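These are my notebook entries on a structure that I looked up. I set down each point in the order in which I examined it.

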Amino acid sequence: MEMAISFRHSSFKPSSINPNPKYPFPTQLSGLSLSPLSSFNSKTSCLKVRSRNLIEPVKCSVSEAAQVAIEKRSHLKRRSDIRNIAIVAHVDHGKTTLVDAMLRQSKVFRDNQFIQERVMDSNDLERERGITILSKNTSITYKDTKINIIDTPGHSDFGGEVERILNMVEGVLLVVDSVEGPMPQTRFVLKKALEFGLAVVVVVNKIDRPSARPDFVINSTFELFIELNATDEQCDFQAIYASGIKGKAGLAPDNLAEDLGPLFESIIRCIPGPHIDKDGALQMLATNIEYDEHKGRIAIGRLHAGVLQKGMEVRVCTSEDSCRFGRISELFVYEKFSRTPAERVEAGDICAVCGIEDIQIGETIADKASGKPLPAIKVEEPTVKMAFSINTSPFVGREGKYVTSRNLRDRLYRELERNLAMRVEDGETADTFIVSGRGTLHITILIENMRREGYEFMVGPPKVINKKVDDKLLEPYEIATVEVPEEHMGAVVELLGRRRGQMIDMQGVGSEGTTLLKYKIPTRGLLGLRNAILTASRGTAILNTIFDSYGPWAGDIITRDLGSLVAFEDGSSTSYALASSQERGQMFIGPGVEVYKGQIVGIHQRPGDLSLNICKKKAATNVRSNKEQTVVLDTPLDYSLDDCIEYIQEDELVEVTPSSIRMCKNPKFAAAKKSRMKLGNLWAPEEDEQKKLLFKIKWAEPEISKLD
């Protein structure tokens, strides 16, 4: 029995094709089995369909297409015993949990060994925040095939981590939530993977959620492939349905196996092995840098060509004109969950190299005689900047170990060695530095790490990095998606509208009464938005953002309506003073806390700042009938580092120490304001109006020069 089916390629959606559990990877349409989709042309396709009894297991079309394309470009050999993959997804879609299940089922750990949840998130900060910040390597073995796995961050602020590791792999597992579907960061990581020409396996995770909608997710993912101009072969992706927390996967949402076997099989079949030049000159690109107290700097990367041996003399190249020589003292490969010493590594594998003390990310370890550098790693430019300066408050040096500008400068420039998406520049003064990053969170993580290392410093409010093109001012815009219950949707829409947001899309999500709002909004409008949205939605909204493009200046945006309550003098706060102060707004501190003049101690209930004396004590009297009154104080607001950075305005600073986080008014702005008031009061009683103006201008110039 044989028949032909013709249809337009643009109308084809993979949701109409359900995998056949009986065979590894054939597809079905209306009960009939189809040949792989790699035979489609771009407009009209014709498929030969045979009865199910005559079908034979076929290989994944993605791997065949990728193999043919690569072999046409060059005569390289393929290693069939290794697969290099990266797991990419939007934040909280279950990447790290899925890696946990893969490690457990590949017998990386003993049966009686205690394994903590999200074992790949080894950093303390990652565990506290529940997010992946740094990309990490591990490996498993499945049916004599070594699978090198790289777990990547899902937050858009750490997109640089994803960009630099994609040249180490031949394919990616694109993990998508079974309810939310493709989100902003999903689009970003998929776009980068397609640009590198990588094979993609789509994993619909959390399929056990009650409101899961796998058909919608597959359709949306396919549409995303089309939007990103994917090839026909890339659009023919393999879909796997999984529950990472239960460790189950299958080829159909209602037919999961008892383990992740179908996922491992799809990795082996659909992701090609590395194509290498085994006999060529040595080439390895340093993609990541780690530091060990005993071994020094450790360069991590994939060996693209040749063979690397322990004790080998090599050339380290930044460009063809800039090269130096070094020696490999130790060599490691990733076996299971640890680094294992190796004497020799062949092309195609991921390894770690010791012995080159000054190696940087993006440099090439090449053959000593005839080595040439590989193309450098390119990442997208930062969009937000913040000013770092030494601590100038009266409490300086009480809690921190490193307080000088030299300490601050060394630490910031050291961060550039492994954080490619960050930039550091010297500021207007010797003790000020401008740090630029992908977003506020990107820089906040650096601040938190420095604080835990014993640094004490001050940071200013985040500002966007604008561009001028053809004398037109452009600012960065981002795509913001907000999941919010229907009853709070009005307040959220009003808030986004005030911040110059333009609604792109609005749709219902699942059966939980949740609405998904999609906005294009200036990055300036996002500063301080997270707390405002949580307040407007009573803590139920979820905000996600991703950089979109530069666009015209959107106009003035008011990010904060209320002023600050500022301490009037140095001293220790008292219950007596706080009882009357809390009537003016919400307080940040309780009784018995040391404060200094200019420190922000609360939020004013009206616009404009208000100075308060929160150190005032009750006057002592000898009248015994003066009964002590019971003072009832409100619970002070507990602001985290992220909250403080979102709160402050242009004339305010955040003081960061290992033990405390305080906010204060910027003394430079206070001096400038005082000087302006002084200049405005200058007058000459016996002169006419024109002479008064000349008098002001004459005396304003030296005053302004003093400020500068």
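**Entry 1: one leucine**

Is Leu446 buried or exposed? I note at the outset that the model is predicted. I looked up the relative accessible area of Leu446 and found 2%. Buried means under 20%, so I recorded Leu446 as buried.

I then located Leu446 in the chain: this leucine belongs to helix α10, which covers residues 440-452. Leaving aside residues up to four places away in sequence, I listed the contacts of Leu446 as Phe388, Arg411, Leu412, Glu415, Met422 and Val435. I also looked up one C-alpha separation: Leu446 and Asn419 lie 27 residues apart along the chain, and their C-alpha atoms are 9.9 Å apart.

**Entry 2: helices α11 and α13**

I turned next to pairs of helices. Two packed helices are described by the angle between their axes and by the distance between those axes.

For helix α11 (residues 489-498) and helix α13 (residues 529-536), I found axes that come within 9 Å and cross at roughly 155°. Angles over 145 degrees count as roughly antiparallel, and therefore I entered α11 as roughly antiparallel to α13. The crossing of these two helices, α11 and α13, is right-handed.

Which residues of α11 and α13 meet? From α11 I wrote down Ala491, Val492, Leu495 and Leu496, and from α13 Leu529, Ala532, Ile533 and Ala536. Sorted by class, the contact of α11 with α13 holds 8 nonpolar residues, with no polar and no charged ones.

**Entry 3: helices α5 and α6**

I repeated the procedure for helix α5 (residues 184-195) and helix α6 (residues 214-227), whose axes come within 10 Å and cross at roughly 50°. I therefore described α5 and α6 as oblique to each other. The crossing of α5 and α6 is right-handed.

The contact involves Thr186, Arg187, Leu190 and Leu194 on α5, together with Leu224, Phe225 and Glu227 on α6. By class, I recorded 4 nonpolar, 1 polar and 2 charged residues in the contact of α5 with α6.

**Entry 4: cysteines**

How many disulfides are there? A disulfide is a covalent bond between the sulfur atoms of two cysteines. With a cut-off of 2.5 Å between cysteine sulfur atoms, the count is 0 disulfides.

I looked up two cysteines individually. Cys351 has 0% relative accessibility and so counts as buried. Cys664 has a relative accessible area of 3%, and I entered Cys664 as buried too.

Technical notes:
Residues are numbered from 1 along each chain as its sequence is written. This is a predicted model: local features need pLDDT of at least 70, side-chain atom pairs count only at pLDDT 80 or more; totals for chains, interfaces and linings use all residues. Side-chain values use heavy atoms; hydrogens and water are left out. Axes are lines fitted to C-alpha atoms, for helices over the stretch in contact, and angles run from 0 to 180 degrees between N-to-C directions. Helices (H or I, at least four residues) and strands (E, at least two) are DSSP runs, numbered from the N terminus. Angles under 35 degrees count as roughly parallel, over 145 as roughly antiparallel, 65 to 115 as roughly perpendicular and the rest as oblique. A crossing is left-handed if the near helix is turned anticlockwise from the far one by less than a right angle, and right-handed if clockwise. Contact means heavy atoms within 4.5 Å. Ala, Val, Leu, Ile, Met, Phe, Trp, Tyr, Cys and Pro count as nonpolar, Asp, Glu, Lys and Arg as charged, and the others, Gly among them, as polar. Buried means under 20% relative accessible area, exposed over 50%, partly exposed in between (1.4 Å probe, protein chains only).
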